[in-house]
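Colleague: Before I trust the labels people put on a model, I like to ask where each one comes from. Could you take me through this one?

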Amino acid sequence: MTTRESGFSFIDVMIAVSILLVGVLALGAALTIAIARAQESEEQIRAKQIATTTAESIFAARDIQTQSLGWSAIRNGTGIPDAQGVGSFLTGFQPVYDGPGQDGIVGTADDSRGPDGIAGNADDHRLIDGYTRQIQITSLPDDVGFNPPRDNFKQVVVTINYSVNNAPRSVDVTTFIALYQFS
Ligand SMILES: [Ca+2]
């Protein structure tokens with residue numbers, strides 16, 4: 001006489017485990033994607049923040065009347081402004097620091113130095129690793145018919161390059177700045 005045994009066979013258990021495993025793997029993959037997205041969005045927010053504060057700093061540079069800055073300083077150059085503000089903002093992609101340096105303006109040659117303007121001591125600004133910044137300032141012809149042109153209106157494009165998991169990313173902020181000062 002044979003007895004019919006009830007319960008789960010080995011095959012039943014294997015099928016159940018396989019289904020469970022597929023579910024767990026899918027969950028793991030979803031979690032990995034979610035974490036990557038969160039990290040990406042965090043870095044994107046930071047890049048956008050750097051771009052925005054840079055643009056604000058350029059507006060501040062227009063308004064600063066000391067240190068020979070002012071409207072004439074709103075242009076690209078060597079990063080070291082002369083008496084006319086020529087050479088104010090560095091060209092090309094540059095490292096980003098967590099402060100503006102002695103001149104109080106980001107995107108110039110002294111950014112890595114701290115408020116004292118001297119390199120290599122305790123108040124040096126920290127490099128913000130993984131981000132580079134480009135400031136492009138272009139004069140716009142707002143003054144058709146004026147000779148010489150008045151140069152009263154400029155376009156400012158701030159581009160921040162960064163990477164997420166070795167994939168290059170970029171954000172930019174475009175704004176316009178006009179000659180307007182309280183006197
Ligand atoms: Ca500076």
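What follows is a chat about how the labels on this model are earned.

Modeller: One thing up front: this is a predicted model. The chain comes to one helix and six strands, in the order α-β-β-β-β-β-β along the sequence.

Colleague: What makes Leu 21 count as exposed?

Modeller: Leu 21 sits in helix H1. The cut-off for exposed is 12 or fewer other C-beta atoms within 10 Å. Leu 21 has 10 such neighbours, so it counts as exposed.

Colleague: And how far is Leu 21 from Asp 82, in sequence and in space?

Modeller: They are 61 residues apart in sequence, and their C-alpha atoms are 68 Å apart in space. For the whole chain, the C-alpha trace spans about 115 × 50 × 25 Å along its principal axes.

Colleague: How does the radius of gyration of the chain sit against that of a compact globule?

Modeller: A compact globule of 183 residues would come out near 16 Å, but this chain has 28 Å. As for burial, buried residues make up 20% of the 183.

Colleague: What share of the contacts links residues 24 or more positions apart?

Modeller: Counting contacts with a separation of 6 or more, that share is 47%.

Colleague: On to the sheet. What makes E5 and E6 a pair of strands?

Modeller: Two strands pair if there are at least two bridges between them. E5 (residues 167-178 belong to its partner, E6) has 12 bridges to E6, in the antiparallel sense. With that cut-off and that count, they pair. Among the bridges, Val 156 stands opposite Thr 175 in E6, and Ile 160 has Val 171 as its partner.

Colleague: Do the same for the other strands: how many bridges join E4 to E5, and E3 to E4?

Modeller: E4 (residues 127-139) and E5 (residues 153-164) share eight bridges, antiparallel; one of the links there is Gln 136 with Val 157. E3 and E4 have three, also antiparallel, and Pro 95 has Thr 132 in E4 as its bridge partner. Both counts pass the cut-off of at least two.

Colleague: Why are E3 and E6 called edges?

Modeller: The sheet is an open one of four strands in the order E3-E4-E5-E6, with antiparallel pairing. E3 and E6 each have a single partner strand, so one side of each is left without a neighbour in the sheet. The twist averages 35° from one strand to the next.

Colleague: What sits in the turn between E5 and E6?

Modeller: E5 and E6 form a hairpin with two residues between them. Asn 165 lies in that loop, and so does Asn 166. Asn 165 has a positive phi of about 50° although it is not a glycine. Asn 166 also has a positive phi, near 70°, and is likewise a residue other than glycine.

Colleague: Are those two buried or exposed?

Modeller: Hold the counts against the exposed limit of 12 or fewer. Asn 165 has 9 C-beta neighbours inside 10 Å, so it counts as exposed. Asn 166 has 5, so it counts as exposed too.

Colleague: Now the inside. Which residues have the most contacts in the largest nonpolar core?

Modeller: That core has 19 residues, and those with the most contacts inside it are Ala 47, Ile 50, Ala 51, Ala 61, Ile 74, Val 158 and Ile 160. At least two residues each come from helix H1 (10-63), strand E2 (89-90), strand E3 (94-97), E4 and E5. H1 gives the largest share, six residues.

Colleague: What makes that a core, rather than a list of greasy residues?

Modeller: To belong, a nonpolar residue must be buried and joined to the others through C-beta atoms within 7 Å. In soluble globular proteins, nonpolar side chains tend to be buried together.

Colleague: Take Ile 74, then. Which residues is it in contact with, leaving aside neighbours within four places in sequence?

Modeller: Ile 74 is in contact with Ile 58, Ala 61, Arg 62, Ser 88, Ile 137, Lys 154 and Ile 177. Each of those has its C-beta atom within 7 Å of that of Ile 74, which is what contact means here.

How values were computed:
Residues are numbered from 1 along each chain as its sequence is written. This is a predicted model: local features need pLDDT of at least 70, side-chain atom pairs count only at pLDDT 80 or more; totals for chains, interfaces and linings use all residues. Two residues are in contact if their C-beta atoms, placed from the backbone, lie within 7 Å. Axes are lines fitted to C-alpha atoms, for helices over the stretch in contact, and angles run from 0 to 180 degrees between N-to-C directions. The radius of gyration is taken over C-alpha atoms; the globule rule is 2.2 Å times the number of residues to the power 0.38.
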